[in-house]
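The following report goes through a single model, moving from charged side chains to the strands and the links between them.

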Amino acid sequence: QVQLVESGGDLVQPGGSLRLSCAASGNIFSIYAMGWDRQYPGKQRELVAAITSGGRTNYADSVKGRFTISRDNAKNTVYLQMNSLKPEDTAVYYCNADLRMQTMIRDVYWGQGTQVTVSS
């Protein structure tokens with residue numbers, strides 16, 4: 001009933017840039033926070049960045065100054081602009097949304113993940 005569809009993952013050289021997008025659709029009443037996590041092989045997911053409905057942002061220390069999260073509330077979409085990419089940014093990136101459905105049920109939903117590979 002709710003889908004989060006990510007796009008933008010790719011292979012990029014160190015120092016390059018990528019922009020990830022994630023669009024939420026379905027029986028959505030309201031979206032609160034949206035964000036991006038990433039997961040390395042064999043590791044737990046970790047927060048990359050998050051943004052509230054009012055635009056307040058939070059970043060992992062490892063990406064501060066390089067990544068920028070933003071959202072378009074009219075389109076139920078969250079973006080992650082990634083600049084100055086490093087090989088250690090290589091991971092699967094997952095978007096998430098804390099939202100309330102039309103049924104008034106509130107939960108956190110996740111996208112399917114998109115691969116980002118930083119390599120020369």
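Lys 64 and Asp 61 form a salt bridge in this predicted model, with the closest N and O atoms lying 3.1 Å apart. Both Lys 64 and Asp 61 are exposed. In total, five salt bridges are counted, and three of them are set out below.

| Salt bridge | N to O distance | Burial |
|---|---|---|
| Lys 64 and Asp 61 | 3.1 Å | Lys 64 exposed, Asp 61 exposed |
| Glu 46 and Arg 38 | 3.2 Å | Glu 46 partly exposed (31%), Arg 38 buried (3%) |
| Asp 89 and Arg 38 | 3.0 Å | Asp 89 buried, Arg 38 buried |

**The charged network**

Arg 38 appears in two of these rows, since it meets Glu 46 in one salt bridge and Asp 89 in another. Its relative accessibility is 3%, and because buried means under 20%, Arg 38 counts as buried, whereas Glu 46, at 31%, counts as partly exposed. The salt bridge between Asp 89 and Arg 38 joins the loop between β8 and β9, where Asp 89 lies, to strand β4 (residues 28–39), which holds Arg 38, so that parts 51 residues apart in sequence are tied together.

Which residues are linked in a network of salt bridges? The network consists of Arg 38, Glu 46, Arg 66 and Asp 89. Arg 66 is placed in the loop between β6 (57–59) and β7 (67–72), and with a relative accessible area of 11% it is buried. The side chains of Arg 66 and Asp 89 are joined by a polar contact of 2.7 Å. When sequence neighbours within four places are set aside, the contacts of Arg 66 comprise Gln 81, Met 82, Asn 83, Ser 84, Leu 85, Lys 86 and Asp 89.

**Positive phi outside glycine**

Ser 84, one of the residues in contact with Arg 66, is not a glycine and yet has a positive phi of about 50°. Ser 84 sits in the loop between β8 and β9 and, at 41% relative accessibility, counts as partly exposed. Met 104 likewise is not a glycine but has a positive phi, here of about 80°; its place is in the loop between β9 and β10 (106–110), and a relative accessible area of 40% makes Met 104 partly exposed.

**The four-stranded sheet**

In what order do the four strands of the open sheet follow one another? The order is β1-β3-β8-β7, with antiparallel pairing. Strands β1 and β7 are the edges, each pairing on one side only, and neighbouring strands of this sheet are turned against each other by 15° on average, with direction ignored.

At one edge, β1 pairs with strand β3 (residues 18–26) in the antiparallel sense over six bridges, and Val 5 of this pairing stands opposite Ala 23 in β3. Side chains in a regular strand alternate between the two faces of the sheet. In strand β1 (residues 2–7), Val 2, Leu 4 and Glu 6 make up the covered face, while Gln 3, Val 5 and Ser 7 make up the uncovered one. At the other edge, β7 and β8 run antiparallel and are joined by six bridges, and Arg 71 has Val 78 in β8 as its bridge partner.

Thr 77 belongs to strand β8 (residues 77–82) and counts as buried, its relative accessibility being 8%. A polar atom of the Thr 77 side chain lies 2.9 Å from the backbone oxygen of Lys 75. Apart from sequence neighbours within four places, Thr 77 is in contact with Cys 22, Ala 23, Met 34, Ser 70, Arg 71 and Asp 72. Two of these names recur in the strand pairings described above, Ala 23 as the residue opposite Val 5 and Arg 71 as the partner of Val 78.

**The disulfide**

Cys 22, another contact of Thr 77, also takes part in a covalent link. How many disulfides does a search of the whole structure find? The search finds one, and this disulfide joins Cys 22 to Cys 95 with an S to S distance of 1.9 Å. Because Cys 22 lies in strand β3 and Cys 95 in strand β9 (residues 91–101), the pair ties together parts that are 73 residues apart in sequence. Both Cys 22 and Cys 95 are buried.

Technical notes
Residues numbered from 1 in each chain as written. Predicted model: local features only at pLDDT ≥ 70, side-chain atom pairs only at ≥ 80, totals over all residues. Heavy atoms only, no water. Buried < 20%, exposed > 50% of the residue type's maximum accessible area, 1.4 Å probe, protein only. Helix = DSSP H or I, 4+ residues; strand = E, 2+ residues; numbered from the N terminus. Pairing = 2+ DSSP bridges. Disulfide = S-S within 2.5 Å. Polar contact = N/O pair within 3.5 Å; in protein donor to acceptor, adjacent residues only side chain to side chain. Contact = heavy atoms within 4.5 Å. Salt bridge = Lys/Arg side-chain N within 4 Å of Asp/Glu carboxyl O. Axes fitted to C-alpha atoms, helices over the stretch in contact; angles between N-to-C directions.
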